[in-house]
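Colleague: I'm new to this one and would like to learn how to read it. Could you walk me through it feature by feature?

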Amino acid sequence: MKKVLAVYQKVDDVLALIIKYFCALLLAIMIAVCFVNTVGRYAFHHSFRAAEEIVILCAVWVTCVGASLTARIDDHVTLDLLQELIKNNKVRAVLYAVTRFLACFFLVALLPAAFKMVKIYAPTKLTGTGWPQWVLYDSYIVGSIMMVLGYLRITPGKVKALWNNTVEKTEFEKINEGEVAE
């Protein structure tokens, strides 16, 4: 089991690296397209028809796929206030596992709708670029799968650390216990 986990972590590290470079590329494209379109509009009185669509597509992909990077470092906005207030480590571990399970459940539960949207919009083209519109909806599919993989990586270790009380205290806990000056 440890070998399988080690292989999974190596594969996930590669996936995370690919996602980082992919998101960086998309951000660079967004900046370049916005810059070129702005210069074209104000200097040459000409806007590029596809610029807005390209920026929107890149932004949607960066949001959906980039969210998986925050899942991998357990930095998503979560409602862990109840977990922070509970002192029993075992209960905290269970609550943590339940919240991450629910996140994965909803990500997977919405996948059929995303596949349906891809199918519905398969024949439709975007007006500015002429690209198929399903490209927009693929971002959710890829992003959801990557987020679930990220949660699968981070959750077991964090649950074990919470269970055994070996996890570092959060800023919230440090403030509540008077360890950090407010």
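Modeller: Happy to. Let's begin with a single residue and its neighbours: leaving out residues up to four places away in sequence, Arg-72 touches Asp-12, Leu-15, Ala-16, Ile-19, Met-146, Leu-149, Gly-150 and Ile-154. Keep in mind that this is a predicted model.

Colleague: Where does Arg-72 sit, and is Arg-72 buried or exposed?

Modeller: Arg-72 belongs to helix α2. To judge burial, look at the relative accessible area, where under 20% counts as buried. Arg-72 has 9%, so it is buried.

Colleague: Let me zoom out, then. How many helices and strands does the protein chain have?

Modeller: The count is 7 helices and 0 strands. Read from the N terminus on, the elements go α-α-α-α-α-α-α. The chain has 182 residues, and 30% of them count as buried.

Colleague: And which share of the contacts comes from residues far along the chain, 24 or more positions apart?

Modeller: Take the contacts with a separation of 6 or more: residues 24 or more positions apart account for 71% of them.

Colleague: How do I read the length of a helix? Let's try α1.

Modeller: Compare its end-to-end reach with the span expected from its number of residues. α1 has 42 residues and reaches 60 Å from its first C-alpha to its last, close to the 62 Å expected at 1.5 Å a residue. For α2, with 22 residues, the reach is 32 Å, close to the expected 32 Å.

Colleague: Which residues of α1 are buried?

Modeller: They are Asp-12, Ala-16, Ile-19, Cys-23, Leu-26, Met-30, Val-33, Asn-37 and Gly-40. What covers them includes α2 and α6. You've met some of these names already: Asp-12, Ala-16 and Ile-19 are among the residues that Arg-72 touches.

Colleague: How are α1 and α2 placed against each other, and at what angle do they pack?

Modeller: For a pair of helices, check the angle and the distance between the axes. Helix α1 (residues 2-43) and helix α2 (residues 51-72) pack at about 155°, with their axes 9 Å apart. Angles over 145 degrees count as roughly antiparallel, so α1 is roughly antiparallel to α2. The residues of this contact divide into 20 nonpolar, 3 polar and 3 charged. As for handedness, α1 passes α2 in a left-handed crossing.

Colleague: I'd like a second pair to practise on. What angle do α5 and α6 make?

Modeller: About 160°, with the axes 8 Å apart. That makes α5 roughly antiparallel to α6. Their crossing is left-handed. On the α5 side, the contact is made by Leu-111, Ala-114, Phe-115, Met-117 and Val-118, and on the α6 side by Trp-134, Tyr-137, Asp-138, Tyr-140, Ile-141, Ser-144 and Ile-145. Sorted by type, the residues of this contact are 10 nonpolar, 1 polar and 1 charged.

Colleague: What lies in the loop between α5 and α6?

Modeller: Gln-133 is one of the residues there, between α5 (111-120) and α6 (134-163). A loop residue can be checked for burial just like a helix residue. Gln-133 has a relative accessible area of 16%, so it is buried. Beyond its neighbours within four places in sequence, Gln-133 is in contact with Tyr-121, Thr-124, Lys-125 and Leu-126.

Colleague: Now backbone angles. Why would a positive phi catch my eye?

Modeller: Because most residues other than glycine have a negative phi. Here, His-45 has a positive phi, near 55°, and is not a glycine. His-45 is found in the loop between α1 and α2. With a relative accessible area of 71%, His-45 is exposed.

Colleague: Which other residues show a positive phi?

Modeller: Asp-74 is one of them: α2 is followed by this residue, and its phi is near 55°. Asn-165, also not a glycine, has a positive phi of about 60°. Asn-165 sits in the loop between α6 and α7 (171-176).

Colleague: One last residue: is Leu-95 buried, partly exposed or exposed?

Modeller: Leu-95 lies in helix α4 (residues 89-109). Its relative accessible area is 25%, so Leu-95 is partly exposed. Try comparing sequence with space as well: Leu-95 and Gln-83 are 12 residues apart in sequence and 6.4 Å apart in space, C-alpha to C-alpha.

Methods:
Residues numbered from 1 in each chain as written. Predicted model: local features only at pLDDT ≥ 70, side-chain atom pairs only at ≥ 80, totals over all residues. Heavy atoms only, no water. Helix = DSSP H or I, 4+ residues; strand = E, 2+ residues; numbered from the N terminus. Buried < 20%, exposed > 50% of the residue type's maximum accessible area, 1.4 Å probe, protein only. Contact = heavy atoms within 4.5 Å. Axes fitted to C-alpha atoms, helices over the stretch in contact; angles between N-to-C directions. Parallel < 35°, antiparallel > 145°, perpendicular 65-115°, else oblique. Left-handed = near helix turned anticlockwise from the far one by under 90°. Nonpolar A, V, L, I, M, F, W, Y, C, P; charged D, E, K, R; others polar. Expected span 1.5 Å × (residues − 1).
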